[in-house]
Structures are given as C-alpha cells and as structure tokens.
Amino acid sequence: MNKPLRGYYIFFLINYFMQSAVGIVYEPVNYVLKDQLHLTPGQAAGFMAWITFPLLLKPLFGYVTDFVPLGRYRRKPHLVLAACLSAAAFFSLAAQTHYRYLSLLIPLTLSIFAMAFADAVCGGWLVEDGKERQQTGRYQALHIGALYLGVILVGAGGGWMTSHIRYAWIFAIAGLMPLAIAASTALVHESVQDRPQPRKTRYLWDFVRTRTFWALGLTVVLWNFYPFLGTVQFYYQSNVLHLSPQWIGSLMTVGSIAGLAGSAVYWKFCRRGDLAAWVSWGPIGMALVSLTYLFYRGPLTVALVEILFGFASVIFRLMLLDLIARSCPVDAEATSYALFLVLFDLAMYGSNFIGGRLYDVLQTFLASQAYLVLIFIGSLCTLACRWTLRIYEKDQGSLLVEGVAAPLRS
C-alpha cells in the first residue's frame, strides 16, 4: 500500500469516527432538557428537530465546497473551518455553568451545522479521490465502518460518562473531536492551481436531469423503506414480545457490531468481482433477509435476525453507496453525493412515520399480525429496487456525457 493511499484511509477513518463519536453529547442533552429545563416530551422533540435541521442542508454545503473555493483550495480550508466552528460551539457549552433553552439551542445547532458541513466536504473528497484511485468501495467501507464503531463505543460508554462525569467535561471532550478532524487534513493532499479554473455547474444540472439520477434516487427511497423498523419495532418488541429494556438496548449494540463486520467484509471483497452483478442481485438478497423478521418471535430468534439483518443490510447499503459515488459528476462531487445522503435520511424518516401510522391502522383489525404485513411491504419495496436499478443499467449510455463517469465494473 502506498503512503498517500494509507493517508486517505486514515483520514476517512478519523473523520467518520469523530462524526459519530460526538454523539456522546446527546444523552447529557436529553437529561438537561428533562431535568434542568423541565421540557415535556413534545417540547424536547421540538428542540431536537431544531438542532438537527442543518442535516437537511448538506447539498447546499456540498455546493459551497464544490463551487466556492477558499483561496486556491476546494476542500481543505472548508473542512478546517467547519471543524473549528464545531469545536468552538462545544467548548462554549462546556464553559456554561447553568443551561437555558437558547444558550443550549444555539451552540448545539451551530455544532451540528458545522459537522454537517464537514460531512459534505468529506463526502466530496471521498467521491473525487475514490474515483481517481478506484477506491470508492473501500472508502465507503471505512465510512460506514467508522460510523458503526462510533455508535458502538458511544452506546457502551455514553451512559457511563453521563452517570459519572460532569456534563461540562463531556461537552469539552466532544469539542476535541472536531479538532482531530481539522488535524487529519495534514494526512491528505489537495492540488493547488495558481489560476484555478471555475468549476462547471452544468455537469450537476445535466446529471440531475438524467434518468440515472432519478433511478438512483428512487432506489435509495425504496431501499430504505422498512416500515417495520424504528418506532414500530420498539412497540412490537416491548408490547408484543415483552422484551426487557436492557435486552432491547443490547440488540442495538449487537446490530451495530454485525454492521461493523459487514463493513469489514465489503472492504475485503469490494474490489473483487463485478459490482453490476452484486447490485443486480442485491434487492433479491436483501428482500429475503428482511423476510427473516417473520421469525422475530423470541429472545433468541430476535438476536439472530438482528445479527443477520445488521450484517447484510450494511453490505448491500455499501454496494448502493459505491454505485452512487461512481455516478457523481465531476466538479459537483460533494453536492451530488450529499443529495443522495439526504434522500437516505428522508427515506428513513418517512419510513418510520408512515410505518407508525400504518401500524396504528392495521392493529385495529389485524392485532399482532399487523407487524407481519409491514414486513411484507418493506420486502416488496426492497425487491422493487431491482426494477429501478435496471433503469440505471439501461441508461448508462446516456449517462456517459461529458463530465460524468459511472463505470459499473471495477
């Protein structure tokens, strides 16, 4: 492995791990909202909606890093500034001795705004350098693997920290994490031009108008439509299966560990074989995996299903992300990639919302069988991705316009 490539591996590992690990602040924030500000559940949910709103602005952040250079750079100064802003916001929280609504809301919103910007910049770098070095698959594996590793460590240590460490110290620790992101830019190289040429936005608009973009977008929505997961799954686990809170919490950790293993497997094998064949059969394989929730009946089968689903879903998700990264147009890597990531988030939110409403309706006449119906709906949506991906494959000829490169084969 050459030294520059090793630097990029470490760079992406640090960036995505730190983005996930700052989640240590969420449990203390929840307790501040409940015990110090005395907010109702609805008010607390509204607070969280406000601070997470910047996540929906990632395409705008991507546009800035793609088309608004700072000096002679497109990525490095943007990432450093975003990381430093996030660190400053967390340190301001650590300096507070008494929390009020706005004094908590504004720094947290700024921190998530800055981290979302950093994520958009990092995503653009992932696509741009990944296509150049033919490393999109491995970069994606590092991306998802680092996020899962962060979730596992936050889940295992976040509760302990909240119980044993002052909140101010937790916020201070969180503030060090974006600084690690800023420091990681020393590991990568960004080309400098004495007279940088203006980037061409037309490649982005040409791409958005292709059937390929809409086929991939629809694939993302269908792929992430699992109405039986999230809130519905929690109610089914607690009210129907009568699983204990400790067991339910441990399932999240088990699923994350399985997802981390799936990332490792994709890292190992993503450069072997034909991505087109993997993606073509992916919807069938994932639909069959989601049908294993039909056996979601007791503690043992629940654990086995969570392990299988966590492992397989990450592999197929990485296949889709790899395909998306290869399809992003030049000059607009961060913008186009962020558009798809927002679709991932919106699809999961919509799946959770629609699933909850459907579950309420179906329960009135199907009782416990309502969950099984949602499993079939989710599996059919996943299977439908085989049709949307066929549109992508047929449209590859028109996709290869100037500025766009989307090879399916490694």
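**Salt bridges**

I count a salt bridge when a side-chain nitrogen of Lys or Arg lies within 4 Å of a carboxyl oxygen of Asp or Glu. I keep in mind that this is a predicted model.

I began with Arg-209 and Asp-206. Their closest N and O atoms are 2.8 Å apart, so the pair passes the 4 Å cut-off and forms a salt bridge. I then looked up how open each partner is. Arg-209 is exposed, because its relative accessibility is 61% and the mark for exposed is over 50%. Asp-206 has a relative accessible area of 24%, so I put it down as partly exposed.

I noted a network next. Asp-66, Arg-74, Arg-75, Glu-128 and Glu-333 are joined into one network by salt bridges that share partners. One of the pairs I checked is Arg-75 with Asp-66. Their closest N and O atoms are 3.0 Å apart. Are these two residues buried or exposed? Both Arg-75 and Asp-66 are buried.

Lys-34 and Asp-35 gave me another pair. Their side chains meet in a salt bridge at 2.7 Å, N to O. Lys-34 has a relative accessible area of 49%, so it is partly exposed. Asp-35 is also partly exposed, at 39% relative accessibility.

How many salt bridges does a search of the whole structure find? I wrote down 12. As background, side chains of opposite charge can pair when their charged atoms come close.

**Two loop residues with positive phi**

I looked for backbone oddities and stopped at Gln-134. Gln-134 is not a glycine, yet its phi is positive, about 60°. Where does Gln-134 sit? I found it in the loop between helix H6 (101–133) and helix H7 (136–164). Its relative accessibility is 54%, so Gln-134 counts as exposed.

His-242 went on the page too. It has a positive phi of about 55° and is not a glycine. I placed His-242 in the loop between helix H11 (231–240) and helix H12 (245–269). His-242 counts as exposed because its relative accessibility is 61%.

**A nonpolar patch**

I turned to the surface. A nonpolar patch there is formed by Trp-50, Leu-85, Tyr-101, Leu-102, Ile-106, Leu-110 and Phe-113. Together these residues have about 670 Å² of accessible area. Which helix gives the most to this patch? I found that H6 does, with 5 residues.

I picked out Tyr-101, which lies in helix H6. Tyr-101 has a relative accessible area of 32%, so it is partly exposed. That value is over the 30% that a patch residue needs.

**Helix packing**

Two packed helices are described by the angle between their axes and the distance between the axes. I looked up two such pairs.

H7 packs with helix H14 (residues 299–327). I wrote down an angle of about 130° and axes 9 Å apart. Why are H7 and H14 called oblique to each other? An angle of about 130° falls outside the ranges for roughly parallel, roughly antiparallel and roughly perpendicular, so H7 and H14 are oblique. Their crossing is right-handed.

H6 pairs with H15. Their axes come within 8 Å and cross at roughly 110°. That angle lies in the 65 to 115 degree range, so H6 and H15 are roughly perpendicular to each other. I noted the crossing of H6 past H15 as right-handed.

**Distances along and across the chain**

I stayed with helix H15, residues 333–366, to look at Tyr-349. Tyr-349 is exposed, with a relative accessible area of 59%. I checked its separation from Glu-190, which is 159 residues away along the chain. The C-alpha atoms of Tyr-349 and Glu-190 are separated by 36 Å.

My last stop was Ala-83, in helix H5 (residues 76–95). Ala-83 counts as buried because its relative accessibility is 0%. How far apart are Ala-83 and Phe-117, C-alpha to C-alpha? I have 8.7 Å in space, against 34 residues in sequence.

How values were computed:
Residues numbered from 1 in each chain as written. Predicted model: local features only at pLDDT ≥ 70, side-chain atom pairs only at ≥ 80, totals over all residues. Heavy atoms only, no water. Helix = DSSP H or I, 4+ residues; strand = E, 2+ residues; numbered from the N terminus. Buried < 20%, exposed > 50% of the residue type's maximum accessible area, 1.4 Å probe, protein only. Patch = residues over 30% accessible without salt bridge, like charges linked within 9 Å, V, L, I, M, F, W, Y side chains within 5 Å. Areas by Shrake-Rupley, 256 points an atom, 1.4 Å probe, with all protein chains shown as cover. Axes fitted to C-alpha atoms, helices over the stretch in contact; angles between N-to-C directions. Parallel < 35°, antiparallel > 145°, perpendicular 65-115°, else oblique. Left-handed = near helix turned anticlockwise from the far one by under 90°.
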